[in-house]
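Visitor: I should like to learn how to read a structure of this kind, beginning with burial. Would you show the structure and then take me through it?

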Amino acid sequence: MDRLDNTVRPYAWGSTTAIPELLGVEPTGEPQAEMWMGAHPGAPSRTGRGTLVEVIDADPVKELGAEAVARFGPRLPFLLKLLAAGAPLSLQVHPDLAQAKEGYDDEERRGIPVDAGHRNYKDANHKPELICALTEFDGLCGFREPARAAELLDALGVDSLKPYVDLLHARPEEAALREVLTAVLTADRAEMAHTVTEAAAACARLGGEHAPYADIAHHYPGDPGVIAAMLLNHVRLQPGEALFLGAGIPHAYLSGLGVEIMANSDNVLRCGLTPKHVDVPELLRVVRFEAADPGVLRPEASPDGEEVYETPIDEFRLSRYVLSEGAAPHDLTRPTPQILLCTAGSVVAGEHELSPGRSVFVPAGEKAEVSGTGTVFRATVIV
């Protein structure tokens, strides 16, 4: 079992206080957006044996287990994060596995450098993800019913939004959502900036269900993504609740601290709320234009005390244990690799004492017991 030393990413949208408060350290004054735990080459965790990438590369079967290597290849299939949003992230969507492979192969054939700003596909993998709230957590997830989106827009009283309102009422669901999103993202930028400014002022005046969009516009003035965001469901998670984001589902995180887990991929197609590249034709190829309930997840408890967040994919499995003082240790030994993350209290994992924000990597098959008083999240795979 290896204690992990993890990198904190200073993205501009990050909270300056949430991760330092969890870790019990002084804030630096700079944004601290994400703490990465895993073997992603961009910021691999460090161990006493080298980076986790080096450890796994030296003996994939020993570290990951034969079944995981046969199923997912000689790499850790997931990336675990602490995510602390102090401002809205970009409105985005992720491809499915076939779309990712096709897009990656196409960009490779065309010789687009992987680090190019206009490159869409950094790898050939999909990126399903799960976010579990540690604090109250706000986000956008999936399309609203077109009629509800029309109501929200119409209430603003902005004349230039009237054509979108009419489309949302007149067209079948898929066509309505596709046509309105396309129109928003391809409109004249100067005209759209004026529309967004009017809409933001109306959102601030109306408050209530419009309030989140006023805040988004404050951070991204004039961005067409503000109008695109109003097509989506607003979700407020309470601590312990989670969202699963599958392929093609537009989403954005707005504020809060959470534990995030995802397939080990960098593939993001942006819809707005960003100065980065937005490839509208490719985005429209990937987005699923269907209204859906966001589907807030709550953990399912098992008799041994494990609380599991069930998802329909196998690259990751996230669960948690809420440990009480004096209780017998929980045996977490599995034939698959694991990362254990403490988020509250004081947890003993093997020979390691973990305070909030501290984590360990457990190789496949290695004895793993946890005890103490607090909460520990467990990330692994399904084989």
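Guide: A residue counts as buried when its relative accessible area is under 20%, and as exposed when that area is over 50%. Please bear in mind that this is a predicted model. M1 has a relative accessible area of 12%, so M1 is buried.

Visitor: Where in the chain is M1 found, and which residues does M1 touch beyond those up to four places away in sequence?

Guide: M1 is found in the segment before β1, a strand of residues 2-3. Contact is a matter of heavy atoms within 4.5 Å. Not counting residues up to four places away in sequence, M1 touches A349, G350, E351 and H352, then V360, F361, V362 and P363, and also E366, K367 and A368. A separation in sequence may also be set beside a distance in space: M1 and R334 are 333 residues apart in sequence, and their C-alpha atoms are 13 Å apart.

Visitor: A368 appears in that list. In which loop is A368 found, and is A368 buried or exposed?

Guide: A368 is found in the loop between β20 (359-362) and β21 (369-380). The relative accessible area of A368 is 0%, so this residue is buried. Leaving aside neighbours within four places in sequence, the contacts of A368 include M1, as well as H330, D331, L332 and T333. Q338 and V362 are also in contact with A368. The C-alpha atoms of A368 and L340 are separated by 9.7 Å, with their positions 28 residues apart along the chain.

Visitor: How should I read a residue in a strand, taking I131 as the case? Which residues does I131 touch?

Guide: One places the residue in its element, and then considers burial and contacts. I131 lies in β8, a strand of residues 129-133. I131 counts as buried because its relative accessibility is 0%. Apart from residues up to four places away in sequence, I131 touches L83, F137 and L237, and E241, A242, L243 and L245. Y253, G258, V259 and E260 are touched by I131 as well. I131 and M262 are 131 residues apart along the chain, and their C-alpha atoms are separated by 8.8 Å.

Visitor: What is there to note about the phi angle of L273?

Guide: Phi of L273 is near 60°, a positive value in a residue other than glycine. L273 lies in the loop between β13 (269-272) and α12 (280-286). With a relative accessible area of 1%, L273 is buried.

Visitor: How do I move from single residues to the whole chain? How many helices and strands are there?

Guide: The chain contains twelve helices and 21 strands. Of its 383 residues, 56% count as buried. Among contacts with a separation of 6 or more, 75% are between residues 24 or more positions apart.

Visitor: What does the radius of gyration tell me about the chain?

Guide: A compact globule of 383 residues would have a radius of gyration near 21 Å; the chain has 22 Å, which agrees. The C-alpha trace spans about 65 × 50 × 40 Å along its principal axes.

Visitor: Which residues does UniProt list for a domain?

Guide: An unreviewed UniProt entry lists residues 3-144 as "domain: Phosphomannose isomerase type I catalytic". Over residues 3-144 the chain is 27% helix and 25% strand, and the end C-alpha atoms are 43 Å apart.

Conventions: Residues numbered from 1 in each chain as written. Predicted model: local features only at pLDDT ≥ 70, side-chain atom pairs only at ≥ 80, totals over all residues. Heavy atoms only, no water. Helix = DSSP H or I, 4+ residues; strand = E, 2+ residues; numbered from the N terminus. Rg over C-alpha atoms; globule rule 2.2 N^0.38 Å. Buried < 20%, exposed > 50% of the residue type's maximum accessible area, 1.4 Å probe, protein only. UniProt positions renumbered as here; feature names shortened; annotations may be inferred.
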